[in-house]
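Student: I am new to this structure and would like a close look at a single part, taken slowly. Could you then lead me from there to other parts?

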Amino acid sequence: MNKLSIKFLIFAAIIACVAVSCGRPYHFPFIIPWDDTTDTPVSLSYLNSGPAGSGGFLRVDGKGHIIDDTGRKKFWGVTLCFGACFPKKEDAPKIAGHIAKFGVNLVRFLHMDMYSAPRGIWKSIEPDREIDPVQMDRLDYFVAQLKENGIFVDFNMLSSRPFHPGKELHESIEGIFSPSSERVTFSARKTLLYFDDAIYNLKNEFTANFLTHMNPYTGLKYTDDPAVAFIEPLNESGLIHNSLNGYMKMLPDHYKELISGFWNDWLKKKYATAGAMLTAWKPRSFMNGRNYLKNTDFTGDYTKAWNIHREPEGITHTVSIKGGSDLSNAINFKFPEAYDPQLLMKQEIKGLPPHTPFKAVFSISGSKDTTLMVIIKDDSTQKTLHEASYAAPSVWSRNDTIRYFFEIPTDVTIALYNTSSVKGYIRISKISFDEALPIENPEKILYETDRLKLFTEVAERVVTHQGSDDWNEFLMETEDAYWHKDIAFYKNELGVRSLLVSPMSSINVPSVLRQFDVISDVQYWEHPIFLGLRDWDPNDWFLYNDSMIRFPKKSKIAQLSLERVWGKPFIITEYNHPHPNTYQAEAFYLASAYGALQDWDGIIAFSYNQTNDDWGSEYIRNFFDIDQNPVKMVSIIPSVLTFLGQDIKPAMDEYTIPISRKSELNSLFMHADPWRVIDVGSLGLNPLMGLSSRVGLALTSGTDTSGLNTVLKVKENGLYVSDTGELIWDVRGDTGYLVRMDTKNSKIFAGFTSRAIHFSDEISFEPGEVLQNGYCVLALTSLDREPLPASNKILITALGSVCNDQSIYYSYPDKQISYPPDFGEEITVKDQWGTFPSLAEGIDAVIRLPGQLKSYKLYSLDGKGEPVQEIPVMVEDGVLKLTINHQYKTLWYLLTP
């Protein structure tokens with residue numbers, strides 16, 4: 001018996017016992033064949049008319065949008081990573097045709113440069129210098145197939161290249177290694193691009209060889225092919241980000257000295273003498289003395305030192321070994337319900353030396369919306385000496401420091417409170433209350449011999465606002481000069497005519513990115529979190545199982561709206577709500593609807609596939625791949641039509657915040673975080689503005705900002721309506737938590753409700769009993785682009801949760817739970833992703849449409865979009881009534897005459 005026959009028998013057995021899969025009978029196998037290119041009723045291949053690039057090279061118009069000779073161009077794309085960039089030749093036409101069928105018009109190639117063949121482009125990575133000819137041939141052929149199917153390409157030229165030393169690079173580069181990830185830290189190595197000519201020249205050599213190579217299947221070099229829409233010179237990197245993220249501290253001495261030389265030269269140009277610099281910096285320096293807190297690593301009977309909250313209050317606590325910031329122990333408090341402010345832990349400190357400054361230091365992380373309050377009181381008078389709240393990030397914060405108390409009493413109590421009033425957790429590690437001993441000559445810390453040390457190595461010990469500004473300005477000017485040189489290399493030396501796309505804007509400084517043709521950013525809702533000893537540990541991770549709809553202000557849509565730079569095209573180069581989040585069905589609908597409202601120029605899903613030998617797995621392989629995820633794939637078609645079509649009109653009003661180099665420096669000093677370098681919210685932009693109007697940043701340098709609106713007061717009442725009236729985000733609670741899109745060509749509901757949802761044109765949705773508190777995503781989409789009451793081809797998509805057969809769900813770290821998990825739960829499947837087939841939740845609902853459609857017929861569709869079964873329809877009081885349910889075992893339906 002061959003492998004295919006065995007697989008079919010197993011598949012049949014699974015169908016026979018599907019009632020127990022995922023724990024509920026509403027789930028059923030739903031497979032979208034990876035190689036299907038048939039012209040079924042759902043096919044959108046017609047959108048990609050003609051070979052990609054037939055309208056000439058893309059360019060940017062005066063309004064900051066992308067055009068070619070035929071007019072405006074917008075993109076809905078997918079990303080391929082690693083081996084998936086090099087499919088076998090017999091598979092390439094099928095993959096290209098299948099992607100085109102879903103209306104996708106752009107493929108982004110990422111992480112081609114991390115591995116040797118077959119997972120990467122290199123012949124060998126010891127060292128990584130020579131392109132493998134077989135891999136290049138496969139890529140060339142695949143690009144030609146994409147082009148023929150009307151699909152543009154985007155090449156990321158430096159993603160995760162290891163840069164092993166060889167003869168060109170200093171041998172110490174091998175010392176840039178992350179013990180926690182147990183692999184080369186390519187992010188830290190990319191820091192060297194800005195300073196080391198050797199690594200920059202190697203980058204250029206590969207770039208030139210790749211882009212000027214003749215593709216034998218198109219007869220064009222990539223520099224001459226208008227189907228190459230975009231080139232990204234660098235992925236997820238930037239000097240400010242790398243500095244804040246600690247990458248410079250990881251560098252070996254050879255490279256620290258190299259960067260220190262540039263730093264010192266910069267200072268010499270600004271200040272005539274070292275004395276003048278010290279006068280401007282006004283440095284104050286302290287060295288850590290004794291830590292007066294006891295048992296700060298929570299070992300043994302730590303409750304003798306710490307007064308922990310009373311367990312009967314419902315809050316529980318545990319200690320995780322090496323589970324905190326910088327691999328320290330952490331104390332973990334869990335709140336099973338919302339509480340008023342509650343004391344978590346406190347400790348009395350006796351006998352402090354008088355007239356001595358102190359500082360408190362701690363690291364925290366927590367679930368969504370959790371907040372830690374730190375209070376320090378004088379025991380003798382009960383006077384509060386310090387009180388401040390700190391938002392707990394989802395990943396470990398850099399050490400938060402409560403700086404210097406003078407004239408502190410001899411006896412104090414330090415207490416930590418949860419003030420969140422939400423269900424969740426807070427983790428605390430590396431807490432200390434240190435005697436801060438002043439140093440008379442702080443400049444001694446700054447210097448080694450006659451050279452100033454890297455600021456990243458002294459900033460924790462030397463307090464100086466001007467020093468911080470100088471360091472950040474040095475990095476910004478260095479990066480400015482780098483991009484001026486590198487963009488000239490692409491455009492002048494190589495003759496590239498494709499649009500150059502910036503690294504992600506949220507980890508970079510807007511004024512530095514102004515040189516690029518296109519600005520980009522990356523966002524994920526509830527990205528997996530790794531708190532163990534290894535980054536990307538397949539067995540030690542979790543993500544918060546929650547719907548973004550419940551959190552409009554913290555939504556990634558709202559955050560992304562703040563990253564757009566006025567006058568520049570804006571593309572989201574990576575977006576996803578990763579599996580196994582059971583609310584992931586909403587991902588592409590929300591991004592596409594609000595991306596259209598914001599008038600963005602592109603959205604690229606991450607990722608389509610990451611392997612070249614498992615295209616037909618028939619189950620969801622990992623967090624990100626969507627090609628075998630039936631819920632994500634079905635959602636693409638209405639999402640593409642929403643974003644690329646004219647369903648959602650751009651917002652009428654546009655609001656911007658002028659941003660200068662000075663305001664960037666101030667934000668870096670006060671609010672900088674490695675993953676949100678500039679906190680534009682602190683400059684006056686409320687994220688909720690992005691749910692009603694177009695928003696963005698206006699660079700004051702070289703930009704005419706006259707006449708731009710800069711003020712919009714948002715009433716945070718839970719109801720946010722677009723100024724076009726087509727989008728409503730409603731979290732008031734009395735009607736549920738929902739997003740509603742209402743246009744002539746589409747009606748979409750996503751969220752939680754137990755009531756009927758009414759739209760214009762006499763259309764309504766009434767969800768039935770579904771698994772997750774009424775959560776579902778329902779959409780009516782006109783496939784022939786006629787208004788729905790007149791359309792001859794209406795697609796109905798009905799989506800809920802999705803899982804793999806035999807997948808096991810846990811409440812992190814190891815408590816097995818039933819399916820579906822609660823919202824807000826920290827969930828993991830460890831490495832137990834399950835097996836084929838993927839199982840989708842069928843949605844029960846009643847849909848009512850105007851009476852002129854009463855002669856229409858309703859069909860359930862299979863994975864190819866072919867009609868399978870006619871479903872009875874009814875006419876009640878002149879209204880067409882459609883009843884869909886999970887028994888039809890489909891995620892989409894066709895309504896047609």
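Which residue in β51 stands opposite R848?

Tutor: Happy to help! This is a predicted model, where local features need pLDDT of at least 70 and side-chain atom pairs count only at pLDDT 80 or more, while totals for chains, interfaces and linings use all residues. Residues are numbered from 1 along each chain as its sequence is written, and side-chain values use heavy atoms, with hydrogens and water left out.

The residue you asked for is K881, which faces R848 from β51. Strand β47 (residues 845-849) and strand β51 (residues 879-884) run antiparallel and are joined by five bridges. Strands here are DSSP runs of type E with at least two residues, helices are runs of H or I with at least four, and both are numbered from the N terminus. Two strands pair if DSSP finds at least two bridges between them.

Now widen the view. β47 and β51 belong to an open sheet of five strands, ordered β38-β39-β47-β51-β50, with antiparallel pairing. At its edges stand β38 (757-758) and β50 (873-876); each has a single partner strand, so one side of each is left without a neighbour in the sheet.

A smaller example may help you compare. Three strands make an open sheet in the order β2-β3-β4, again with antiparallel pairing. Here β2 (59-60) and β4 (71-72) are the edge strands with a single partner each, so each has one side without a neighbour in the sheet. Strand β3 (residues 66-68) runs antiparallel to β4, and two bridges join them. One bridge pairs D68 with G71 in β4.

Next, look at strand β40 (residues 775-782), where eight of eight residues are buried. (Buried means under 20% relative accessible area, exposed over 50%, and partly exposed in between, using a 1.4 Å probe and protein chains only.) Y775, V777, A779 and T781 point one way from β40, C776, L778, L780 and S782 point the other way, and all of them are buried. β40 is joined to strand β37 (residues 746-752) by seven bridges, and the two run antiparallel. Across from Y775 in β40 you will find F752. β40 also runs antiparallel to strand β41 (residues 794-799), with six bridges between them. There A779 has T797 of β41 as its bridge partner.

What about the interior? The largest nonpolar core has 187 residues, and F109, F155, F210 and L211 touch the most other members. Such a core is a set of buried Ala, Val, Leu, Ile, Met, Phe, Trp, Tyr and Cys residues joined through side-chain atoms within 4.5 Å. Beyond its neighbours within four places in sequence, F210 is in contact (heavy atoms within 4.5 Å) with M112, I121, I131, M136, L139, F155, M157 and Y222. A second, separate core holds 32 residues, including F333, A388, I408 and L416.

For contrast, let us finish with a loop. D613 sits between β31 (602-609) and α15. Its relative accessibility is 59%, so D613 counts as exposed. D613 and A84 are 529 residues apart along the chain, yet their C-alpha atoms are separated by 7.9 Å.
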